[in-house]
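Subject: Structure handover and notes

Dear colleague,

Please find below the structure I promised to pass on to you. My notes on what was found in it follow directly after.

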Amino acid sequence: MARILIADDSLVVRDYMKIILERAGHQVIAEATNGLDAYQKYAVHLPDVVTMDINMPGMNGIETVKKIIDTFPDANIIMVSTNGLKPFVFEAINAGARHYILKPIDEERLLASITNSH
């Protein structure tokens with residue numbers, strides 16, 4: 001199973017995702033509340049997969065994906081956002097995200113994305 005970093009500024013979303021992921025046998029090794037925090041925790045923990053919100057304070061999720069991928073080119077990052085507009089999806093994938101899923105989070109889609117990411 002995967003070791004996962006959850007990056008989202010919403011505690012409710014982080015808690016919900018953690019429940020889903022741990023119930024499926026994954027290990028949430030760290031949580032981040034903003035982009036800089038996510039980058040720093042990635043560097044320390046080197047997770048198998050990152051779930052990354054786009055809209056976070058400071059460095060947003062797309063900027064964070066670029067920064068992580070620049071330093072760790074093999075990073076497996078799944079964007080999780082309320083915004084499904086094509087330009088955002090395109091930008092996230094071009095930045096290096098492997099998957100893009102929409103909120104509200106569908107449990108099966110999240111778990112499938114984790115499985116297909118590593």
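Over residues 3-118 the chain is 48% helix and 22% strand, and the C-alpha atoms at the two ends of that stretch are 10 Å apart; helices (H or I, at least four residues) and strands (E, at least two) are DSSP runs, numbered from the N terminus. UniProt, in an unreviewed entry, lists these residues, 3-118, as "domain: Response regulatory"; its positions are given in the numbering used here, feature names are shortened, and annotations may be inferred rather than shown by experiment.

Please keep in mind that this is a predicted model, in which local features need pLDDT of at least 70 and side-chain atom pairs count only at pLDDT 80 or more, whereas totals for chains, interfaces and linings use all residues. Residues are numbered from 1 along each chain as its sequence is written, and side-chain values use heavy atoms, with hydrogens and water left out.

On the fold, 5 strands make up an open sheet with parallel pairing, in the order 2-1-3-4-5, where two strands pair if DSSP finds at least two bridges between them. Strand 2 and strand 5 (99-102) stand at the edges with a single partner strand each, so one side of each has no neighbour in the sheet. From one strand to the next the twist averages 20°. Strand 1 and strand 3 run parallel and are joined by 4 bridges, and Ile 4 has Val 49 in strand 3 as its bridge partner. Helix 3 packs on the sheet, where it touches strand 3 and strand 4, and its direction makes about 175° with that of strand 4 (axes are lines fitted to C-alpha atoms, for helices over the stretch in contact, and angles run from 0 to 180 degrees between N-to-C directions).

As for the interior, the largest nonpolar core has 23 residues, of which Met 52, Val 65, Ile 68, Ile 77 and Met 79 touch the most other members. Helix 3 gives the largest share of this core, 4 residues. A nonpolar core here is a set of buried Ala, Val, Leu, Ile, Met, Phe, Trp, Tyr and Cys residues joined through side-chain atoms within 4.5 Å, and buried means under 20% relative accessible area, exposed over 50%, and partly exposed in between (1.4 Å probe, protein chains only). Leaving aside neighbours within four places in sequence, Val 65 is in contact (heavy atoms within 4.5 Å) with residues including Met 52, Ile 77 and Met 79. A second, separate core of 16 residues includes Ile 4, Ile 6, Leu 21 and Leu 111.

The residue I would like to single out is Asp 53, which the unreviewed UniProt entry lists as "modified residue: 4-aspartylphosphate". Asp 53 is found in strand 3 and is buried, with a relative accessible area of 5%. Not counting residues up to four places away in sequence, Asp 53 touches, among others, Asp 8, Asp 9, Ser 81 and Lys 103.

Finally, the whole structure holds 6 salt bridges, each being a side-chain nitrogen of Lys or Arg within 4 Å of a carboxyl oxygen of Asp or Glu. In one of them the side chains of Lys 103 and Asp 53 meet at 3.4 Å, N to O; Lys 103 lies in the loop between strand 5 and helix 5 (107-117) and Asp 53 in strand 3, so the pair ties together parts that are 50 residues apart in sequence. Salt bridges with shared partners join Asp 8, Asp 53 and Lys 103 into one network.

With best regards
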